[in-house]
Amino acid sequence: MSGSRRFTAVLVGALALALTFLTVPIVAIFLDTGPARLVSSLDDPVAVDALRLSLETTAASLAIIVVVGTPAAYLLATRSFRARSLVITLVELPLVLPPAVAGIGLLAALGPNGILGGLLDDAGVVLVLQTAGVIVALTFVAAPFFLRQAQAAFEAVDRRTLEASRTLGSGEGRTLLRVAIPAARAGLAAGLALAWGRALGEFGATLMFAGSVRGVTQTVPLAIYDRFATDFPAALALSAVLVAISGALLLTIKLVVRPSPTADAPG
Amino acid sequence: MRAWFLGAALASGALAVAAGCGGGGGSELTVSAASSLTAAFTRYGAEFRAAHARFSFGGSDVLAAQIEQRARPDVFAAANTDYPEELHNRGLAGRPVPFATNRLVIAVPADQTSIRSVRDLARPGVTIAIGSASVPIGSYTRQVLLGLGGAENAAIMRNVATQEPDVAGIVGKLTQGAVDAGFTYVTDVDATQGQLRAIDLPSRLQPSVTYAATVLNGSNHRAQARAFIHGLVTGAGATALRQAGFGPPPK
């Protein structure tokens with residue numbers, strides 16, 4: 001009895017340690033930034049440009065991720081084929097890549113001297129140091145977060161529901177749109193929130209691949225780094241804004257999309 | 001899923017703590033130095049005997065800001081005299097010692113032939129990398145451009161495709177062919193061993209670029225820190241700096 005109680009104490013201690021470690025930096029940002037500073041930081045045109053650019057580029061990259069990622073994840077979740085686990089591993093690889101490695105990799109692949117650079121150049125596509133380059137970098141680092149969650153969400157959908165839809169004469173595409181996606185919507189939304197948060201916070205790959213110019217490629221994390229040297233309180237205030245936006249995003253998606261009963265039913 | 005994230009976060013936190021605690025004993029000298037000093041200081045560090053020198057290279061502005069946020073290296077070496085002077089005036093560091101000079105140049109990829117002078121940078125369509133306003137390379141560059149006069153300055157600033165946090169970023173964009181030209185120090189071009197080519201600025205535009213180092217107050221290795229800076233002025237450090245293309249400090 002006392003052994004199990006001691007074990008519980010260890011678990012509680014570990015969770016308390018983890019919680020403190022993970023929340024203290026975020027609490028500090030808000031303690032050091034009064035609400036007045038937070039609001040006044042939004043008067044700064046450089047900050048406003050960075051926020052606008054961050055919202056636009058993350059929205060664009062999330063749109064690409066959802067449109068391409070949803071059917072891709074559905075395939076991984078519902079079909080078995082050779083090399084499936086290899087494909088899953090490759091798709092998840094960017095999750096564990098350091099951002100600097102992602103930046104170098106993007107340059108080596110899509111930069112002017114990269115292996116696909118000539119091809120892009122012939123097509124008249126310039127990504128490096130352009131807003132489009134920011135979207136590419138964000139998509140690269142954030143997509144695995146969505147793919148991983150979406151695949152798990154589709155796997156949790158009851159197979160019989162999908163089969164029933166098909167036997168009732170719905171096509172494969174219709175089944176995905178009308179049955180699978182609604183049933184998996186909570187998991188898809190969680191993946192969307194994670195990917196969005198990751199994209200909003202992206203720094204290293206963006207700086208290396210897209211550079212930093214106000215209004216063109218300077219997203220909020222780059223603007224924060226730029227201020228760190230010259231104006232620490234302003235950097236803190238902008239950080240607080242970013243945390244607030246990311247937090248609000250996570251919360252909104254969690255509140256708006258409730259899990260559906262089918263997704264929770266044992267498969 | 002959540003457990004996986006928590007585990008990863010805890011593990012990386014533990015690793016960071018372990019790394020931070022490493023090498024507490026012995027004589028280890030922590031040196032925060034401007035990004036442009038990377039090659040010269042790395043060579044000097046290998047020959048420095050009084051202590052094991054550990055370097056943190058970055059933009060001088062970011063390193064100075066870290067010190068103001070209570071990061072405490074033993075030595076701070078900046079690509080200007082302003083940042084060490086400021087820390088000295090705030091009582092955070094000792095008197096700055098000028099130890100080297102450098103020259104600003106236009107750096108271009110070695111195979112780039114269409115840019116021959118600063119005027120060519122004003123042509124429409126040319127892409128340029130410069131330092132952000134707070135890092136010394138960026139403020140020297142703005143000084144040069146102001147010397148050119150309004151119209152040319154504005155035309156060149158319009159061609160700026162990226163403002164990098166330190167020289168390493170500018171050199172990276174150049175060697176990757178992401179931009180046509182950039183403003184760097186002549187020593188950065190030398191360090192790329194032929195990948196980049198330097199175009200000299202007219203002498204009337206050349207800013208005076210002086211590097212200064214200082215011992216941080218509160219350093220536990222003051223004697224070794226002073227020895228390190230002394231070696232930069234006369235000694236193995238000065239030799240490494242000359243080999244990398246830095247000039248002697250102003251008299």
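How many of the 251 residues of chain B count as buried, as a percentage? The figure is 47%, where buried takes 20 or more other C-beta atoms within 10 Å of a residue's own, exposed takes 12 or fewer, partly exposed is in between, and C-beta atoms are placed from the backbone.

Before you click around: this is a predicted model, in which local features need pLDDT of at least 70 and side-chain atom pairs count only at pLDDT 80 or more, while totals for chains, interfaces and linings use all residues. Residues are numbered from 1 along each chain as its sequence is written, and chains are lettered from A and ligands numbered from 1 in the order in which they are written.

**Stop 1: chain A as a whole**

Select chain A and switch on the cartoon. You'll find 14 helices and zero strands, with helices (H or I, at least four residues) and strands (E, at least two) being DSSP runs numbered from the N terminus. The C-alpha trace of chain A spans about 70 × 65 × 35 Å along its principal axes. Of its 267 residues, 38% count as buried. Contacts here mean C-beta atoms, placed from the backbone, within 7 Å of each other. Among the chain A contacts between residues at least 6 apart in sequence, 78% join residues at least 24 apart.

**Stop 2: the two domains of chain A**

Now color 1-32 and 35-264 separately. Those are domain 1 and domain 2 of chain A, with bounds that come from an automatic or database domain assignment. Their centres, taken over C-alpha atoms, are separated by 30 Å. Each side puts residues into the contact: four from domain 1 of chain A and four from domain 2 of chain A. The domain 1 side has three nonpolar, no polar and one charged residues. For these classes, Ala, Val, Leu, Ile, Met, Phe, Trp, Tyr, Cys and Pro count as nonpolar, Asp, Glu, Lys and Arg as charged, and the others, Gly among them, as polar.

**Stop 3: a helix pair in chain A**

Select residues 185-201 of chain A, helix H10, and residues 232-256, helix H13. How do they run relative to each other? The axes come within 9 Å and cross at roughly 170 degrees, with axes being lines fitted to C-alpha atoms, for helices over the stretch in contact, and angles running from 0 to 180 degrees between N-to-C directions. H10(A) and H13(A) are therefore roughly antiparallel, a label for angles over 145 degrees (under 35 is roughly parallel, 65 to 115 roughly perpendicular, the rest oblique).

Show side chains to see who takes part. From H10(A) look for Ala189(A), Leu192(A), Ala193(A), Trp196(A), Gly197(A) and Leu200(A). Facing them from H13(A) are Leu242(A), Ile245(A), Ser246(A), Leu249(A), Leu250(A) and Ile253(A). By class, that contact holds 10 nonpolar, two polar and no charged residues.

Stay on H10(A) for a moment. 13 of its 17 residues are buried, so H10(A) is largely enclosed by the rest of the structure. From first C-alpha to last, H10(A) reaches 24 Å, close to the 24 Å expected at 1.5 Å a residue, the expected span being 1.5 Å times one less than the number of residues.

**Stop 4: where the chains meet**

Bring chain B back into view. The contact takes 19 residues from chain A and 23 residues from chain B. On the chain A side, helix H1 (2-32) and helix H12 (220-230) each supply at least two residues. H12(A) gives the largest share of that side, five residues. The chain A side has 13 nonpolar, five polar and one charged residues.

**Stop 5: chain B and its domains**

Hide chain A. Chain B has 10 helices and 10 strands. Color 26-101 plus 210-243 as domain 1 of chain B and 104-200 as domain 2 of chain B. The C-alpha centres of these domains lie 26 Å apart, and 12 residues of domain 1 of chain B contact 12 residues of domain 2 of chain B. Helix H3 (residues 60-68) supplies the largest share of the domain 1 side, three residues.

**Stop 6: two arginines in chain B**

Select Arg72(B), in the loop between H3 and strand E3 (75-78) of chain B. Arg72(B) counts as partly exposed, with 15 C-beta neighbours inside 10 Å. Leaving out residues up to four places away in sequence, Arg72(B) touches Leu216(B) and Gly218(B).

Last pick: Arg90(B), in the loop between helix H4 (82-89) and strand E4 (97-102) of chain B. Buried or exposed? Arg90(B) counts as exposed, with 11 C-beta neighbours inside 10 Å. Draw a distance from its C-alpha to that of Glu68(B), 22 residues away along the chain, and you should get 9.4 Å.

Notes. Contact = placed C-beta atoms within 7 Å.
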